[in-house]
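Colleague: I am new to this model and would like to go through it slowly with you. Please put the sequence and the structure in front of us before we begin.

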Amino acid sequence: MTRSLILALGADHGGVALKQRLAVLLAEAGHQLLDYGTNGPESVDYPDFAHAVCDAVAERRADFGLLVCGTGIGMSIAANRNPAIRCALVHDVTTARLTRQHNDANVLALGARITGEEVAVDIVKTFLATKFEGGRHERRLAKINKTTEPTP
């Protein structure tokens, strides 16, 4: 995959099985995992897990975050409430690569009911292996974070 990373993982009941599958592969690849749950099929509230993962990334306890729910939509919305997070809901390898290159995404959201397991594995590998390009994209990120004034 890539150099050894610290990864924060979280899922709700709809994403727990995929999270667990990905966790095994990530651990086998040598990454350190911070698993914020959930770990069973009982109904839970996805924002709790999104916030825990995003706090770990924002506080630099983790290099990246991985969130999984049924569609990935709720997790990505909750994640992006944190101003230090750039969470991307991704459905394929191309958008995984581009969100890292262009948006410097630091959290990946997946939909377990939308994206097949093997595609999800490829997405995660691509996301973790891709570097941010910088350059013109830095200006755009600054505007997202409102650290510079938009040019008229």
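Colleague: Which residues of the largest nonpolar core touch the most other members?

Modeller: This is a predicted model in which local features need pLDDT of at least 70 and side-chain atom pairs count only at pLDDT 80 or more, while totals for chains, interfaces and linings use all residues. Residues are numbered from 1 along each chain as its sequence is written, and side-chain values use heavy atoms, leaving out hydrogens and water. The largest nonpolar core (buried Ala, Val, Leu, Ile, Met, Phe, Trp, Tyr and Cys residues joined through side-chain atoms within 4.5 Å) holds 23 residues, and those that touch the most other members are Leu66, Leu108, Leu110, Val124 and Leu128.

Colleague: Which element gives the most residues to this core?

Modeller: Two or more residues come from each of strand S1 (6-11), H1, strand S3 (64-69), strand S5 (107-111) and H5; these are DSSP runs numbered from the N terminus, helices being H or I over at least four residues and strands E over at least two. With six residues, the element that gives the most to this core is H5.

Colleague: Which residues does leucine 108 contact, leaving aside its neighbours within four places in sequence, and how many residues make up the second core?

Modeller: Leucine 108 is in contact (heavy atoms within 4.5 Å) with Gly65, Leu66, Leu67, Cys87, Ala88, Val90, Ile123, Val124 and Phe127, once those neighbours are set aside. The second core is separate and includes Ala8, Cys54, Ala62 and Ala79, and its size is 17 residues.

Colleague: At what angle do helix H1 and helix H5 pack?

Modeller: Their contact joins Leu18, Arg21, Leu22, Leu25 and Leu26 in H1 to Glu117, Glu118, Ala120, Val121, Val124 and Leu128 in H5. The two helices are oblique to each other, and with their axes 11 Å apart, helix H1 (residues 16-28) and helix H5 (residues 117-129) pack at an angle of about 50 degrees.

Colleague: How far apart are the axes of helix H4 and H5?

Modeller: Helix H4 (residues 93-103) packs with H5 at an angle of about 20 degrees, and the two are therefore roughly parallel. Val93, Ala96, Arg97, Thr99 and Arg100 of H4 make the contact with Asp122, Ile123, Thr126 and Phe127 of H5. The distance between the axes of H4 and H5 is 8 Å.

Colleague: Is lysine 19 buried or exposed?

Modeller: Lysine 19 has its place in helix H1. Not counting residues up to four places away in sequence, lysine 19 touches Leu9, Gly10, Ala11, Asp35, Gly37, Thr38, Asn39 and Val68. Its relative accessible area is 1%, so lysine 19 counts as buried (under 20%, with exposed over 50% and partly exposed in between, for a 1.4 Å probe and protein chains only).

Colleague: What distance separates the C-alpha atoms of proline 41 and alanine 17?

Modeller: Proline 41 sits in the loop between strand S2 (32-35) and helix H2 (46-58), where it counts as exposed at 66% relative accessibility. Proline 41 and alanine 17 are 24 residues apart along the chain, yet their C-alpha atoms are separated by 8.6 Å.

Colleague: Which two residues does the cis peptide bond join?

Modeller: One of them lies in the loop between S2 and H2, namely threonine 38. With omega at about -10 degrees, the cis peptide bond joins glycine 37 and threonine 38.

Colleague: What is the phi of arginine 60?

Modeller: Arginine 60 is found in the loop between H2 and S3 and counts as exposed at 75% relative accessibility. Although arginine 60 is not a glycine, its phi is positive, at about 60 degrees.

Conventions:
Axes fitted to C-alpha atoms, helices over the stretch in contact; angles between N-to-C directions. Parallel < 35°, antiparallel > 145°, perpendicular 65-115°, else oblique.
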